[in-house]
Amino acid sequence: MRILVDADACPVKDEVYKVAFRHEVSVAIVSNSIMRIPVHPLVERVIVNDSFDAADDWIAERANPSAVVVTSDILLADRCLKAGATVIAPTGKPFTTSSIGAAIATRAIMADLRAGGDAIGGPAPFSKTDRSRFLSALDQALVSLKRKVQPS
């Protein structure tokens, strides 16, 4: 089992470490630049080049049924779901095979509105509730994966 984090704009890296250490699961922090990470045998820093989607490509290539991917990138979430990974947004919202189609469609509509010059605003500010929901979702995802990997 492994947690793959799309780290460049991820607000829940500390929460990932907390849950990963408790479950003794390795974490790959994937980014285009150097960022501080804990010095811990379970944490790996992966710095990719600055080409478009380099971090997404690295994560998608390693996504599999025993991986949990943390990202807010809808297109990366779709790629990882297709590889069988569990995918969670930093808000704690799980991406699923049944919800990803609507998320992609909404993303496309919003992009069209922005391209047309409409001022539509951005996502809601990240909240304590989002952080709490994320902690719970990541914990549940790891417990579920452990059951699949290590049946009793």
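These legends go with four close-up views of a predicted model.

**View A. Helices α2 and α3 side by side.** Let's start where two helices meet: α2 spans residues 54-62 and α3 spans residues 74-82, and their axes come within 8 Å of each other, crossing at roughly 15°. That angle makes α2 roughly parallel to α3, since angles under 35 degrees count as such. The crossing of the two helices is right-handed. On the α2 side, the residues that make the contact are Asp-56, Asp-57, Ile-59 and Ala-60, and they meet Leu-76, Arg-79 and Cys-80 from α3. Sorted by character, the residues of this contact comprise 4 nonpolar and 3 charged ones, with no polar residue in the set.

**View B. The buried residues of helix α2 and what covers them.** Staying with α2, have a look at which of its residues are buried: Ala-54, Ala-55, Asp-56, Trp-58, Ile-59 and Ala-60. Among these, Asp-56, Ile-59 and Ala-60 are already familiar from the contact with α3. What lies over the buried residues of α2? The cover includes the strands β1 (2-6), β2 (26-31), β3 (43-47) and β4 (67-70), together with helix α3.

**View C. An aromatic pair within helix α1.** The count of aromatic pairs in this model comes to 1. The pair is formed by Tyr-17 and Phe-21, whose ring centres are 6.3 Å apart and whose planes stand at 15°, so the rings are stacked; the cut-off for stacking is planes under 30 degrees apart. Both residues belong to helix α1 (residues 13-23), where they sit 4 residues apart, about one turn of the helix. An α-helix has 3.6 residues a turn, so residues three or four places apart point the same way. Are these two residues buried or partly exposed? Tyr-17 counts as buried because its relative accessibility is 6%, below the 20% limit. Phe-21, with a relative accessible area of 28%, is partly exposed.

**View D. Ile-100 and its surroundings.** Our last stop is Ile-100, a residue of helix α4 (residues 100-115). With a relative accessible area of 7%, Ile-100 is buried. Which residues does Ile-100 touch, leaving aside those up to four places away in sequence? They are Ile-74, Ala-77, Asp-78, Leu-81 and Phe-95. Take Ala-77 as an example: Ala-77 and Ile-100 are 23 residues apart in sequence, while their C-alpha atoms are 7.8 Å apart in space.

Terms used. Residues numbered from 1 in each chain as written. Predicted model: local features only at pLDDT ≥ 70, side-chain atom pairs only at ≥ 80, totals over all residues. Heavy atoms only, no water. Buried < 20%, exposed > 50% of the residue type's maximum accessible area, 1.4 Å probe, protein only. Contact = heavy atoms within 4.5 Å. Axes fitted to C-alpha atoms, helices over the stretch in contact; angles between N-to-C directions. Parallel < 35°, antiparallel > 145°, perpendicular 65-115°, else oblique. Left-handed = near helix turned anticlockwise from the far one by under 90°. Nonpolar A, V, L, I, M, F, W, Y, C, P; charged D, E, K, R; others polar. Phe/Tyr/Trp six-rings, centres within 6.5 Å; stacked < 30°, edge-to-face > 60°.
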